[in-house]
Amino acid sequence: MILYFLRRLTALLLTMFAASIVVFLVTEIIPGDPASFMMGINADPQAVAALRTELGLDQPVATRYLAWLLGMLQGDFGQSYTYKVPVSELVGDRIMVSLPLTLYALALSTLIAFPAGVISAARRNTTADFAVIGATQLGVAIPNFWFAMLLVLAFAVNLHWFSAGGFPGWDAGFLEGMKALTLPAVALALPQASILARVMRSSLLDTLDEDFVRTARAKGLTRSQTLWRHALRNALIPVLTIVGLQFSFLLAGGIIIENVFYLPGLGRLVFQAITQRDLIVVRSVIILLVFAVVAVTFLVDMAYAAADPRLRRRPR
Amino acid sequence: MNVSKPLAAVSAIAMAIGLAVVPAQAARTDIAVGMVLEPPNLDPTAGAAAAIDEVVYANIFQGLTRFTADGEVVPDLAKSWDISEDGLTYTFHLQDGVTFHDGSAFDAEDVKFSLDRARADESTNAQKALFAEIADVAVIDPQTVKVTLSEPNGSLLFNMAWGDAVIVAPETAETNAIQPVGTGPFRFDDWVKGDHVDLSKYADYWGEPAKLEKVTFKFIADPTAAFASVMAGDVDAFPNFPAPENLEQFKADSRFSVIVGSTEGETILAMNNKKPPLDNLKVRQAIGHAIDRQTIIDGAMFGYGTPIGTHFAPHNPAYVDLTEESAYDPALAQELLKEAGVSDLTLSLKLPPPSYARRGGEIIAAQLKEVGINAEITNLEWAQWLQEVFKDRNFDLTIVSHTEPMDIGIYARDDYYFQYGDPDFKAIMDELNDTTDPDKRTELLQQAQRKIADDAVNAYLFQLAKTGVANAKIKGLWENSPTQANDMTEVYWED
């Protein structure tokens, strides 16, 4: 087990190192200079040069890469060129929007998907089943940004129940914050819930066809008893995998919804940083996201190993 | 039924009394202003982003002089000044009782510090050229500063009104980017990055106090979101509204007023003057005659914008209307191309992100096609545009709006991206700098406008309009945009 752990850990570190080189080089190659962007088209060339020096952009590539890498190892992600505040502070602020939004959306999507999927599978080929199939088909097909606009029109522009967007900050109170995240969370949750419900349904149906379910029924358990005690637990594995994937997708991929609701989240930070060539922010945020994904994979590997002894054995 | 009648009567009376007793609701003293772009930081002396000035200009920071809503330059922190006979010495007399928002006093030392900092070698002031002629800044006494120039500059008072020339305190200059401390009627409160900036009224302000207590600038980049934010009442005013297509809807709604004014943005089809065949005057003239400005304004800008025939703002008193000189005439354009011996011309047309460029570019490409010029469109994001077009000059045509006030001087720059730098034009500009007499200056400015129109340096398209929308009860917003600013000092809610 320890050997397996060490192997996975080495893989993690190597992946991170490779990722840091790729991220650095890609941001290095894209055309555009942060200093020229900040100074605009009427700027004095001498002042632009002075700014390049101030930002350390006149240093050689290798020096800048090493400085960035060593800084990160010490927990220093550098200072944003344009915002002039530490990247960690920027990211910290944005995580406080993106993470709660992700969790909120995930909670909603699970709360909708689980009952829908279970009902649909348990009452296969009934009206309820067809209703769920139809609704989820629609949910998958509707683009979430369009659904988001509909929500804004209905609940903000017409009913005035919610703001059309923006985020007041958690300082304004927990409820205020959650209120601002409600419409975006619903918009994000709908397609995810649809996917999840469909996965739940088919996974449950597959499990219901398994031998052990038939055995359970033969032992005299009722349909619903087998469903709840035996089938559901086994059907959950693929569903949980999807939930895990959705988490990382929502965390980084909420950018379109963040734009529709002008929320100050991670996705919009990266987008803005790319257009402004705030390369240090782009690099550090991407590396953090890579780390998050790699770390989650690592944990999942560990969990699999704990659950399935076969994986722990040395490959022959 | 009979029972309920007296009840209804009683409640009606109660309501009437209630209405009479409750005083008229006091006018609101807070405002939420929408902006498309978030400022990268809040220091107007270090960065060109218009969004910085849109938050801080006149609200937080002040200069020796300032622009008014109609573009006039008036005293601000300098209450008056004396100019020497030779035009080389300006003695500024400063306002009394001015304090920075941190409580420290403002005096001549702060002025000296700010001007010296802006013109220093290591200065990162984006408009460093504004200070180029300043040779020395001397403190005479706490209320008096003497600025000595190396050569006369008739634009000095104008230059001092720019956001880039505001007065900052030495103690806070380095932290203004995140914690701006100025002398204006509003002080900085809070910045929730990516969402909003809060300002509040500064109690110890030296001048006429602001009418509003609290100003919030909210940043909403998406046009659809901007529309929804105004409709939902999250934003009370959106002075540079990003979706002109929605303005008609606001016009029809009595809750809102639509404010259409002019900006300092000359939108041009810039040409690479040194790159053949664009180094040929006839080819450049042909392109000018191939373009129908009104079609572009209608098609790309939903009808908002004023045609221009030179690089100058039509609302400026010195403006000359030269649009006839390059009037739409496809036949003439074809003839000029023939005279120039050019056929089968293919030119690159590189477009930055704003809609005036992207939508305008499609229309221009179609119009050029009519006269036999094939324009190959490439869409670039700003950073790419700055590199490829602006820095490397790897382009034939591009569309861009020059938004700085009175920026005709860029045509005198040798290495500027459209590569004009004509000696005769430079001579006019030099003479202008040496001239302080207003009539003579107007004459020189007009001469300059004619010169660049005659040389067809670029195809001059239209003056960018300022199209804003606000709650109908808000008064005192700027109609025009003589500089990029959201001056909140005069803004108030009508009862």
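This passage describes the fold of chain A, the nonpolar cores, the aromatic contacts and the cavities of a predicted model.

Chain A consists of 316 residues, of which 45% count as buried. Its secondary structure amounts to 13 helices and zero strands, so that the succession of elements from the N terminus on is written α-α-α-α-α-α-α-α-α-α-α-α-α. Along the principal axes, the C-alpha atoms of chain A fill a box of roughly 85 × 65 × 35 Å. When contacts in chain A between residues at least 6 apart in sequence are considered, 74% join residues at least 24 apart.

In soluble globular proteins, nonpolar side chains tend to be buried together. In the present model, the largest nonpolar core comprises 71 residues, and the members that touch the most others are B:Ile31, B:Val215, B:Phe217 and B:Met488. The element giving the most to this core is helix H13 of chain A, residues 279-307, with 10 residues. Leaving aside residues up to four places away in sequence, B:Phe217 touches B:Val33, B:Met35, B:Glu54, B:Val55, B:Asn59, B:Asp195, B:His196, B:Val197, B:Leu199, B:Asn486 and B:Met488. A second core, separate from this one, contains 68 residues, including B:Ala365, B:Ile373, B:Phe395 and B:Leu464.

Over all chains, the structure holds 32 aromatic pairs. One of them joins B:Tyr205 and B:Trp206, whose ring centres lie 5.3 Å apart with 50° between the planes, a tilted arrangement. B:Tyr205 has a relative accessible area of 15% and is therefore buried, the limit being under 20%. B:Trp206, at 21%, is partly exposed. In the pair formed by B:Phe238 and B:Phe241, the centres are 5.5 Å apart and the planes stand at 85°, so this pair is edge-to-face. B:Phe238 and B:Phe241 are both buried.

Aromatic residues also assemble into a cluster made up of B:Trp382, B:Trp385, B:Phe390, B:Phe395, B:Tyr411, B:Tyr416, B:Tyr417, B:Phe418, B:Tyr420 and B:Phe425. B:Phe395 thus appears both in this cluster and in the second core. A contact of another kind involves B:Lys193, whose charged end sits over the ring of B:Trp191 at 4.6 Å from the ring centre.

Seven cavities of 30 Å³ or more are present in the structure. The volume of the largest cavity is about 50 Å³. Its lining is formed by B:Glu264, B:Glu266, B:His311, B:Phe312, B:Ala313, B:Asn316, B:Met406, B:Asp407 and B:Ile408.

Definitions and conventions:
Residues numbered from 1 in each chain as written. Chains lettered and ligands numbered in written order. Predicted model: local features only at pLDDT ≥ 70, side-chain atom pairs only at ≥ 80, totals over all residues. Heavy atoms only, no water. Core = buried A, V, L, I, M, F, W, Y, C linked by side-chain atoms within 4.5 Å. Buried < 20%, exposed > 50% of the residue type's maximum accessible area, 1.4 Å probe, protein only. Helix = DSSP H or I, 4+ residues; strand = E, 2+ residues; numbered from the N terminus. Contact = heavy atoms within 4.5 Å. Phe/Tyr/Trp six-rings, centres within 6.5 Å; stacked < 30°, edge-to-face > 60°. Lys NZ or Arg CZ within 6 Å of the ring centre and 35° of its normal. 1 Å grid on protein atoms, 1.4 Å probe; cavity = no way out; pocket = protein on both sides within 12 Å on 5 of 7 lines; lining within 4 Å. Points joined across faces, edges and corners; volume = space filled by probe spheres on them.
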